[in-house]
Structure formats: structure tokens, C-alpha cells
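Trainee: I'm new to this one. Could you pick a single part and take me through it closely, starting from the overall layout?

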Amino acid sequence: MTTPALSPAQANLKLALWQVDADSMSSSDLFVWLNDSGLPLEVTTRLHQLVTYTKKAGHKVIAIGKIILIKIIEFVQANPNLVMGMAVGAAVGILGYSVPFLGPLLGPITTALGVTIGAISGHRLDQGHRQSDGITGVTQSLIEIAQKFFKLFIVRTTKTTEKRN
């Protein structure tokens, strides 16, 4: 499936529409969303720094950092299981690197396979497919376990923060 190339006029229109979206969302709104999503403060701060990046295009200044961050947020909201599956796959890759002596050989293989299988499994869950058997089914179960764990972690962290205040 290929998409036709955009003409310069279509590309300019698309960029202008993205810029309107970026202008409609304030920097503080983005920070609040990132903070409320349960990300660590360091990650939230680094992602929020992306908002400040701009690029001059012709006579206009485009908030390219804000546009990229908004697109990342839209992707994560549209594909939460796919993102979680890739994270589980990356964790499997890190485990592959930790094997003594064989880690440098196993790491790249386990990372590539883990991220690929995790992404496929997560995508299948996002699409509403029922859980399957085999490695895909195991990965789908890992994704669901990780989601439950992180939801629990976010709730506990939020309650702890509220008690401190």
C-alpha cells in the first residue's frame, strides 16, 4: 500500500493545518498531559523541551517540536498496546544483552525479535483481535500484565504524591 506523493501545495496545506493544531494547544497544556500520563518527571521535562524547537519556513516560523510532540501523543493514544508491546520487546532485548559472554551476540537478535513480536502482538490487541496461542499469545499476555502493572504504579504514585501535598 503506497500513498501518492503530496504536491507542494498539499504539503503546505498539511503543514499549515498542523501548525494551527500546535497553536491551539498551549505549552502548559502539553506539560499537564505529559505529567498526568504518569511519565517520570525527567522524561516529562525532556519531552516538554521539544516544544521550544522551531524552524523558519519562508516567512513563517513553524513550531516543529510542538507538532512532533502532538503527533507522538496522538500515536500513543491511538495505539497503546503497540507502544506497550514495543516496550516489552525492548526489555527482552536488554535481557539478551545481560547474558554473560554471549550478550553482545544475543542482544541485537533478542531486541529485534522482541520489539517486532511485541509490536505485532500489541497491534493485534489494538485492532481487537482475540488473544492467540504461541509466542504471540504469550506476548499479548505480557502486554496486558505490563499495562495492569503500570496502571497500578501510576495510581500508587499519584496517591503518594497527593499525600505529600
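Mentor: Sure. The protein chain has seven helices and two strands, where helices are DSSP runs of H or I with at least four residues, strands are E runs of at least two, and both are numbered from the N terminus. Going along the sequence, you meet them in the order α-α-α-β-β-α-α-α-α. Keep in mind that this is a predicted model, in which local features need pLDDT of at least 70 and side-chain atom pairs count only at pLDDT 80 or more, while totals for chains, interfaces and linings use all residues. Residues are numbered from 1 along each chain as its sequence is written, and side-chain values use heavy atoms, with hydrogens and water left out.

Let's zoom in on helix α4, residues 64-78. It packs against helix α1 (residues 8-24) at an angle of about 85°, with the axes 9 Å apart; axes here are lines fitted to C-alpha atoms, for helices over the stretch in contact, and angles run from 0 to 180 degrees between N-to-C directions. So α1 is roughly perpendicular to α4, a label for angles of 65 to 115 degrees (under 35 is roughly parallel, over 145 roughly antiparallel, the rest oblique). From α1 the contact draws on L15, W18, Q19, D21 and A22, and from α4 on K66, I67, I70 and K71; contact means heavy atoms within 4.5 Å. By class, that gives five nonpolar, one polar and three charged residues. Ala, Val, Leu, Ile, Met, Phe, Trp, Tyr, Cys and Pro count as nonpolar, Asp, Glu, Lys and Arg as charged, and the others, Gly among them, as polar.

Now for the helix that comes next. α4 and helix α5 (residues 80-97) meet at about 95°, with their axes 5 Å apart, so this pair is roughly perpendicular too. F75, V76, Q77 and A78 of α4 touch P80, L82 and V83 of α5. Here the split is six nonpolar, one polar and no charged residues. In the loop between these two helices sits N79, which is buried at a relative accessible area of 15% (buried is under 20%, exposed over 50%, partly exposed in between, with a 1.4 Å probe and protein chains only). The C-alpha atom of N79 is 8.0 Å from that of G122, although the two are 43 residues apart along the chain.

α4 also feeds the largest nonpolar core, made of nine residues: A22, L30, L34, V51, I62, I67, L69, I70 and I73. Such a core is a set of buried Ala, Val, Leu, Ile, Met, Phe, Trp, Tyr and Cys residues joined through side-chain atoms within 4.5 Å. Both α2 (27-36) and α4 supply at least two of its residues, and α4 gives the largest share, four residues. Apart from this core lies another one of five residues, including M84, L125, I143 and A146. Back in the largest core, I73 touches L30, and I73 also touches W33, leaving out residues up to four places away in sequence.

To put that in proportion, buried residues come to 22% of the 165 residues in the protein chain.
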